[in-house]
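Please open the model in your viewer and keep a selection panel at hand, since the stops below are meant to be taken in order.

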Amino acid sequence: MSRGGNIMLSKPATMLLGLIHTEPSNAYELIKKLQYMNVKSWYDIADSTVYATIKAMEKKLYITGKTQKVGNMPDKTIYSLTETGYAELKNTLKSFMENFDYDIVPFMIAAFFIKIFDNKEASGILNKRLKYLEKSKQGILNQIETLKSQNLPDYVICNIKHNALIVQAEITSVKEYIELINKI
């Protein structure tokens with residue numbers, strides 16, 4: 001996926017790198033964390049995707065694994081973020097927060113890991129998103145007025161109003177995030 005010429009991480013890779021950044025973990029622990037956080041209720045990451053994504057991230061040198069032996073248990077590999085992985089994670093989270101898309105999952109993933117940024121940087125990124133959303137909302141409202149003047153069926157205009165409501169919900173949410181960040 002590319003935005004502005006930058007290669008970005010996939011949604012599963014971003015989620016998993018964020019979790020590994022928070023605490024080095026093995027694949028099984030990552031799956032358990034996703035279950036505990038109830039991520040599958042809004043973004044379904046299959047267990048097989050977790051394993052495949054970990055292998056892909058290891059090949060790209062975003063993570064590094066150390067094998068550990070605990071008692072009589074089988075060996076387990078604990079993954080940690082590399083500097084390259086940290087840089088990719090931070091760039092992708094920034095992009096997910098700055099850029100609006102009707103797919104809300106990227107923003108939700110980024111919101112989980114907003115503390116990767118200091119408060120000033122997080123506030124700046126969210127304010128950039130807010131400005132974009134406000135501009136988009138005004139464009140949609142202008143489009144609605146144009147469509148009304150063309151005597152189009154109400155269901156066509158209703159569909160565009162639906163988009164305006166989605167953008168307004170995003171505006172409200174981002175303002176709340178900004179308030180929270182500024183209180184910390």
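The tour goes from a helix to a pocket, then to a lysine, and ends at a cavity.

Bear in mind throughout that this is a predicted model.

**First stop: helix α1.** Select residues 11–22, the 12 residues of helix α1, and set a distance between the first and last C-alpha, where you should find a reach of 17 Å, close to the 16 Å expected at 1.5 Å a residue. Is this helix mostly covered or mostly open? It is mostly covered, for nine of the 12 residues of α1 are buried. To see them, colour Pro12, Ala13, Thr14, Met15, Leu16, Leu17, Gly18, Leu19 and Ile20, which are the buried residues of α1. Now bring in the surroundings: what covers these buried residues includes the helices α2 (27–36), α3 (47–59), α4 (83–98) and α5 (105–112), together with the strands β3 (63–68) and β4 (76–81).

**Second stop: the start of α1.** Show Ser10 and Ala13 as sticks, and look for the side-chain oxygen of Ser10 that reaches to within 3.1 Å of the backbone nitrogen of Ala13.

**Third stop: the largest pocket.** Stay with these residues and turn on a pocket display, where the largest pocket holds about 160 Å³ of space. Of the 11 residues that line this pocket, Leu9, Ser10, Ala13, Lys60 and Tyr62 are the closest to its centre, and the Ser10 and Ala13 of the previous stop are thus met again. Which element gives the most to the lining of the largest pocket? That is α3, with three residues. Coloured by residue class, the lining of the pocket divides into seven nonpolar, two polar and two charged residues.

**Fourth stop: Lys33.** Move to helix α2 and select Lys33, which lies in it. Lys33 counts as buried because its relative accessibility is 19%, and the cut-off for that label is under 20%. Leaving aside neighbours within four places in sequence, Lys33 is in contact with Leu19, Glu23 and Ser25; of these, Leu19 is one of the buried residues of α1.

**Last stop: the cavity.** How many cavities of 30 Å³ or more does a search of the whole structure find? The search finds one, and about 50 Å³ of space lies in the largest cavity. Select Asn99, Asp101, Asp103, Phe107 and Arg129, which lie nearest the centre of this cavity among the 11 residues that line it. The lining of the cavity divides into five nonpolar, one polar and five charged residues.

Definitions and conventions: Residues are numbered from 1 along each chain as its sequence is written. This is a predicted model: local features need pLDDT of at least 70, side-chain atom pairs count only at pLDDT 80 or more; totals for chains, interfaces and linings use all residues. Side-chain values use heavy atoms; hydrogens and water are left out. On a 1 Å grid over the protein atoms alone, a cavity is a set of points where a 1.4 Å probe fits but cannot get out, and a pocket is an open set with protein on both sides within 12 Å along at least five of seven lines; lining residues have an atom within 4 Å of a point. Grid points are joined across faces, edges and corners, and a volume is the space filled by probe spheres set on the points. Ala, Val, Leu, Ile, Met, Phe, Trp, Tyr, Cys and Pro count as nonpolar, Asp, Glu, Lys and Arg as charged, and the others, Gly among them, as polar. Helices (H or I, at least four residues) and strands (E, at least two) are DSSP runs, numbered from the N terminus. The expected span of a helix is 1.5 Å times one less than its number of residues. Buried means under 20% relative accessible area, exposed over 50%, partly exposed in between (1.4 Å probe, protein chains only). Contact means heavy atoms within 4.5 Å. A polar contact is a pair of N or O atoms within 3.5 Å; within protein, one must be able to donate a hydrogen and the other to accept it, and residues adjacent in sequence count only if both atoms are side-chain atoms.
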